[in-house]
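Please examine the model shown below and keep it in view while reading. The paragraphs that follow move from a single residue to the interior and then to the charged pairs.

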Amino acid sequence: MRIFGKYELDPTFHFHLRCAAWITFVAAIVTLVGAMYFRFDRYDRLIDETRAGAADNARLQAQLSRLRSQDAAERALVEDRLRTLSEQQTAADAVSKNAASRSPFSIATVLPSLTEIVCIDNKHADTYYTGSGTVFSKEGLILTNHHLLVSQNGSLIKLCGVGFTSDARIAPRIQYAAQVEALDEAGDLAVLRITENLDKKPLPASFPALDLTGIKEASLGLGIGDPVFIGGYPGIGAETFTFTQGVVSGRVGSQLIKTSALIDSGTSGGAVFDASGQYVGVPTAAAKGDIGGSLGFLISGEAVDNFLHSYYNGLNRVPGSR
């Protein structure tokens, strides 16, 4: 038995005290081990989660890389297509520019036969109408439109001025007077004959004329999409010769041919040619669409041929004409 100070511990109590100390020590060890276990388990989970996150990031990066590669490939493909289209458009523009600046036949061979026509209104002397015509006979016979010869009061203008030029840069000078020789009101065709030199000089022995032989066959041979070329003197064209082109867009019976070629006021009565330079008709009118488009109408060579045959057979003559 041990004595601490003046107190003496009971052996049984001493035994219990030692047991409690060991239990406390063991509990502390177990608690410490458990805490360490849970901490290590948490670390393991964090490591696993980090590894999983890294793997996910790697997969995402791979997907992004593939998407970037696909996007770059698609962008390159689009850029290549755009480049090709741009080159094709540039080539088409060059072809169009060359085609527009160069006629497939010599304009110089037809220009001297195409006339500007000026008709003064019967009632209002300060009102006049301009149009175009084609000399088809060395005697000075001119083919043009009937509507050019109608005065405001509906009467027929029987006398008009006629001008020629052999230089497309210079406006014709109204040098001659011509009177109406024949009319086809329904077909919008007329024949004028040059009768006087306004300079009080004798008329030339002959006028430069286009040969209209074969115009019916040439006109009938035109198909949709075939090119056509129009010459005349439109009022908006600074009074100089104007040459436009388009294609045959369709037909209206045997009388009219529809075209995409530009026809302006003043071009009426002029000349229409095919790609070989063959005369195939007369430009007569333009129709404007509601959204700004336009469509031209040409009197076919077939209708012109029929009218001239009638004229030469003495039909459709104006009273008082030769």
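Which backbone oxygen does the side chain of Thr165 reach at 3.2 Å? It is the backbone oxygen of Ile170. The structure is a predicted model, and Thr165 offers a convenient place to enter it. Thr165 lies in the loop that runs between strand E6 (159–164) and strand E7 (173–184). The side chain of Thr165 also reaches the backbone oxygen of Asp167, at 3.1 Å. Once its neighbours within four places in sequence are left aside, Thr165 is in contact with Leu111, Pro112, Ile170, Ala171, Pro172 and Tyr233. Thr165 counts as buried because its relative accessibility is 10%, and buried means under 20%.

Asp167 also takes part in a charged pair. Asp167 forms a salt bridge with Arg169, in which the closest N and O atoms are 3.0 Å apart. At 22% relative accessibility, Asp167 is partly exposed, whereas Arg169, at 70%, counts as exposed.

The next topic is the nonpolar interior. The largest nonpolar core contains 26 residues, and those touching the most other members are Leu143, Val191, Phe273, Tyr279, Val304 and Leu308. Two or more residues of this core come from each of strand E5 (141–144), strand E8 (189–197), strand E12 (271–273), strand E13 (279–288) and helix H3 (301–312). Helix H3 gives the largest share, five residues. Another core, of 19 residues, lies apart from this one, and its members include Val162, Ala178, Ile194 and Phe207. Returning to Phe273, one finds that its contacts, not counting residues up to four places away in sequence, include Phe105, Val110, Leu114, Tyr279 and Val280.

The remaining topic is the salt bridges, of which there are five. One of them joins Glu139 to Arg193, with the closest N and O atoms 3.6 Å apart. This pair links distant parts of the chain, since Glu139 sits in the loop between strand E4 (128–137) and E5, Arg193 is in strand E8, and the two are 54 residues apart. Is each partner buried or exposed? Glu139 counts as exposed, because its relative accessibility is 53%. Arg193, at 8% relative accessibility, counts as buried.

Lys200 forms a salt bridge with Glu196, and here the closest N and O atoms are 3.6 Å apart. Lys200 is exposed at 71% relative accessibility, while Glu196 is partly exposed at 33%. Finally, salt bridges that share partners join Glu139, Glu181 and Arg193 into one network.

Notes. Residues numbered from 1 in each chain as written. Predicted model: local features only at pLDDT ≥ 70, side-chain atom pairs only at ≥ 80, totals over all residues. Heavy atoms only, no water. Helix = DSSP H or I, 4+ residues; strand = E, 2+ residues; numbered from the N terminus. Buried < 20%, exposed > 50% of the residue type's maximum accessible area, 1.4 Å probe, protein only. Polar contact = N/O pair within 3.5 Å; in protein donor to acceptor, adjacent residues only side chain to side chain. Contact = heavy atoms within 4.5 Å. Core = buried A, V, L, I, M, F, W, Y, C linked by side-chain atoms within 4.5 Å. Salt bridge = Lys/Arg side-chain N within 4 Å of Asp/Glu carboxyl O.
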